[in-house]
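Biologist: I would like a close look at a single part of this model. Please keep it brisk.
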Amino acid sequence: MLDTGVDSGHPDLADRIADAASFVPDEGVFDDYSGHGTHVASTIAGTGAASDGKEKGVAPGATLHIGKVLGTTCDVLGCGAHGRESWILAGMEWAARDQHAKIINMSLGGAPSSGDDPMSQAVNRLSAETGALFVIAAGNSGAPYTVGSPGAADAALTVGAVDTSDQLADFSSQGPRAGDYGLKPELTAPGVDVLAARSHLSEGDGHYRTMSGTSMAAPHVAGAAALLAAAHPDWTGQQLKDALISSAKATPQYTPYEAGAGRLDVAAAVRDTVFATGSAYSGYHLWPHQPGEKGDKTVTYTNIADAPVTLNLVINAPDTPQNLFTLSATQVTVPAHGTSEVTLTADLDHAPLDSHFSGVINAFGADGKVVAHTLIGVGKEAERYNLSVTAKDRAGKPLSGQLTVAGSNIFHQYELDESGTVAVRMPVGTYAVWLKADVQGTHGPHSLGKAMLSAPEIILDRDRQVMLDASAARQVKAIVPKETTDSEVRMDIYRAFDSDHFTSGTLDPSTPGYDSMWVLPTGKKVTKGDFAFGVRWRKEEPALTVASDNRSFDDLRVQRGAAPLPDRRMTLGTILAGQGAAADYAGLQAQGKIVVVRRNDTVTLGEQAAAAAQAGARLLLVVNDGVGRLQPWPSAVQSFASPPPVTVATLTQDEGEELIARIRHGRTPLTLDSSRITDYLYDLVRHYEGAVPADPTYRPEKDDLARVDVSFRNHRPDRASDYRSDIWQGIAQSASFLHEAPAQGDRTDWVSADSDIQWLERAQIPGEVQESSATLRYKAGSTSSLHWFGPIQRPRLDNQTGVQRRTDDEIYANVPGWGDSGGGHVGTTLGNPGVNNLVTLYQGDTTLGQYYSDWIAVAGLDPKRLPYRLVSENSRGFWANPYSTSTRTEWGFTSAAGEPGTTAVLPLIQLDYKVDTDTSGKARRNVELVVTPSHLPGGPSSKAICALTLDISYDDGATWQKASLTHRGDGWETTLHAPAKTAYATLRTSAHDRQGNSVTQSITRAFGLK
C-alpha cells in the first residue's frame, strides 16, 4: 500500500504490517497525521479488533507492506496530503521489486492523463516485469475525461466510487481516458462514507472515522484481489484484474466510461469458475482513414472448472451504430481447465468522424444468466494534424516552459520539459501558441529574464512545425526622461478568433528573480481575428544607486531600513564580512561603511542585517549565490513586514562577485545616491495591435504622458500603499496594494495617456481603510491632482458595478462608509477592528433589515411601489482619526418590482464635497466649499436634482448656521465664515429631486480649521 503512512499502533492493524518504508524526506512512515493511509490500510486488511471484529477489512488475513509516498500538509482546517512524483515512483519500485508485492494499492492520483506520463508508464512497466497488480483510485474530479495519473495506465485496475445503493458518487472521476478515449475506470466499489480505522494522529476521536473518495473505493478492490490471489496463488496480476472486472455486478444505468463493468462483487470473483478478458479496447484510430479500416481485439474466456462450458455471446452497446462491433463467433465452448478465444472487430466504416463508443460483451451460461462480461470500445479521429512546437533559449539550447495552444473553442496548456519540444494533434483550424519561459537576463550568465515567445497565427491544414527561438527575442523596455528602476512589470497577450472565442495570457516577471522581459517579434499582422500584445511598467525613482569610480552596479534590489539613508550623495568605504554573522565582524571596522556579504544557508538575511546594524554599518550589500536577483527582505501579503535595522540591497551573482574581487584587490569606496521616499514614478502601458513589433521599446516623452500630482493626506504619518491598475481587455490588471507609499507626503506620477488606456486607482492604509477610484482616462500633456485619505470622509456609493439595485423582491445595497477627499473614491474598512458600520433598510418606520457591515440585502419585499429609507451610520470607534468621527446618511426613495428577473439601479443621490485642506486636513476659515449631488449611473438623471441645503456647525452640532449657497453648474457653492478659535467644521447636507428621492447626510468634524 502506497499512501500517507499508517498508524501502526491501531488495534485493527496489529501484526498486519510485514514491512514499511518512508520515501518522504523527514517524515516517518508511522506518522499518519492526515489519517488517509490508516483508513485505506484497514479497509484492505483490518482485523476489526477495536470493534470486536465488527469493522473488518475486506481481506483481514492479508499482510501489508506500507510505503509512505505522500507527505503531510496541515493548516487551521486540518491535515491533508501532498506528494512528489519522485517519491511515488520510488515507492512503486520498492513495492514491486523489493517487496515482491502481489497487489499494490495506490489511493492517490494526479492530473488527467492519456497514460503517457511517467507514473502511468511505470505502472505498465512494473506490471509487465513483476506480475504485480496495481489497484489505483480513479480520482475525485466528478466529470468525464478526468481519470488521473497513474490510474490512466493500461495495466492499472482503475476504480471509481459508488454509494451503498450502487449510485455513482458525484465526485467519482469518469472516462473516457484523456487523449485516446480509452476504457477507464474498469469498475467501481464502495467509496461514500466508508467507516474504517482512524489514525490517532488525525482529527476526531475514537478508533474509527468515515471518509469518502475513490481513495476509499480502491482498497475494497485491493482486498478482493488479495482474496482472489489467495484462492489462485499462481495467477498473474492480469488474470486477477480480468477476473475482478468480468465478475463485477453490472450497473446498467451507467455507461462503461462512467462506471466501468459495474460494482465490485467479491463473492462472485472468488466463486466463479469462468472469467473473460476484462477490457478489450479496439483503439483510437487516427486520421487519415482508409476504406475497410478495422480494429481487432482478442477476447479470451477461461474455464477453471472440471467440465466444459458453452457460452452465448451478446454485444450490449445500445448507443453505437449498427454493425460497428461484431464477433467472430456468437457461441463458444470453453474446455475444462482451458481457454477459448473470439475476435472482436470494430468496423470503422460504421463510425462517424470524431466519435468514440463503449459497450459490453455479455457471456451467458446455459441457464441464461451472465457469467462474465468484457468492456469494449473504439474511437475514430476526425481530420487532425500534428502541431509540433520546438523552443530554444538565447544560446540555441532546448528551452522548457509553459506552452499555451489556443484556437476557436480550444485552450490547452502543456509543460515543455528539458527537450524543449511538444507535439499535439489538433483539428483543422487557426491557432496561436505562446511560451512563457526563463531565459538569461541582461546582467550576466547568472541573471534571469522572462520571455514570452509567440506565434499568433498558425493555419493548421497539414502537419506544421513551429520554432520559438529566444535568440531572436528582443528586450521589452521603456526608456523615460528620469532615472528609474522597475518595481513591477507585466506582459499580456490577447488572441480572438471570432466574437465568441478569445483568450489571453499574462506573464508577470515582477518576482524578485528577474531583471528583464523578452518577446519574440511576430512579423506580419494576423489576418484572421484579433491579436494584441501589451506591456505594463511601474518605474520608480531608485531608492538607491551604487557606483564605483568607473562602474555602476545597477542590478540592485533595495529595502530601506528602519532609519533610511539620507537624501543625498555620499561616498563610503567597503569591507567584506564573510557570511555576515556577528562573529565575522571580529577585527573589522564596519562603523559608517558598506558591508558586503554573500547569501548563504548558514546565516539568514535577518541575522546578516542585525549583525551589520550592530556593527554600525550604513548599508548591507548581499551578493546572491544562485541564479537571478535576490529579494532584499521578506515581504508580507496585503500588509507590511517590519523594515530591516539597516538598509539592505542585493546584487546578482555576476555583479556581486565582480565587486567582491575589486574589494579584495584594494580599497574600493562606493558612491551612493539615496532617496528616503519615492518622489516620482512612471505608470506606463503600451499596446501593440495585430503583431509584436520588431522593436518593442517604449520611448515616451514628457508631452506624451499625463502628470498627476499625488498627495497622501492621512491625519498622521504612517505606512500606506497605492497602485494604479490598467484595464486590459475589460479587466483590471495588477491590482496589487503592495507598492509602499507614505500616508503623509507628495509624489509626482507620470502616466500613460493613450486613448485606449484606462486606469483604476487604489490606495490603502493596511488594517484601516482601502480607497479606490472609478475607471478613468488621462489626457496627454495634462496636469491633475490626486488626493488620498484626506477629508471629507463619508459614505460614497460604488457606481462602477451597479451594486445598489432592486431585483424582483430583493434590494441589495453596498454602502462603503469611508470615501475620501479624492474625486470619485469609495472607501472600505476591511480588517479594521475599531470601526463601526451599520446599514439599515426601512419601509416607513418598519425595520426590514439591519447589517453591522457596509452592505445590506433584504428579500421578500412587496412588489408594489413603496417608499423606503436606507440609512448608513458610521463611526470611528477606537479607530483614531480627528475627522469624520461619525456620519449618518439617510436616502429616501421609492421602489417596486419590475419584470421578473430584471434589475433596476436604486435612485439614490450621491453627495460629493470639494474643500481645499492642507496635508493635515485643515482648511482656511473662509474656505470655499462645493457640494455636488448626483444620481448613480443607470438611475434617474442628475438634472432631476432640484434643491440642496447645507448647515454648518463649529461646535460639533450643538448649534447650526444655514449656509448661503450659489448654484453653479452641477454644484452648490458657499464660503465658510468660521469663528476664531474653532477647530472643526461639522456639515449637514440635504438634497432631493423632482421624483421624491432624497438624501440627508451629517458629518461630525468633517475637516479641521486653521
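Which residues lie nearest the centre of the second largest pocket, and how many residues line it?

Modeller: First, the basis: this is a predicted model, where local features need pLDDT of at least 70 and side-chain atom pairs pLDDT 80 or more, while totals for chains, interfaces and linings use all residues. Numbering runs from 1 along each chain as its sequence is written, and side-chain values use heavy atoms, without hydrogens or water.

Now the pocket (an open set of points on a 1 Å grid over the protein atoms alone, where a 1.4 Å probe fits, with protein on both sides within 12 Å along at least five of seven lines). Its lining comprises 35 residues (an atom within 4 Å of a point). Nearest the centre of the second largest pocket are Pro112, Ser113, Ser114, Asp116 and Tyr414. The space in this pocket is about 1,400 Å³ (probe spheres set on points joined across faces, edges and corners).

Three elements each supply at least two lining residues: α3 (118-130), β23 (410-416) and β24 (421-427). β24 gives the most, with 6 residues. Helices (H or I, at least four residues) and strands (E, at least two) are DSSP runs, numbered from the N terminus.

For the setting, the protein chain has 9 helices and 69 strands. Its C-alpha trace spans about 115 × 90 × 65 Å along the principal axes. Of the 1010 residues, 53% are buried (under 20% relative accessible area, 1.4 Å probe, protein chains only). Serine 752 is one such buried residue, with a relative accessible area of 0%. Serine 752 sits in strand β48 (residues 744-752).

Key
Buried means under 20% relative accessible area, exposed over 50%, partly exposed in between (1.4 Å probe, protein chains only).
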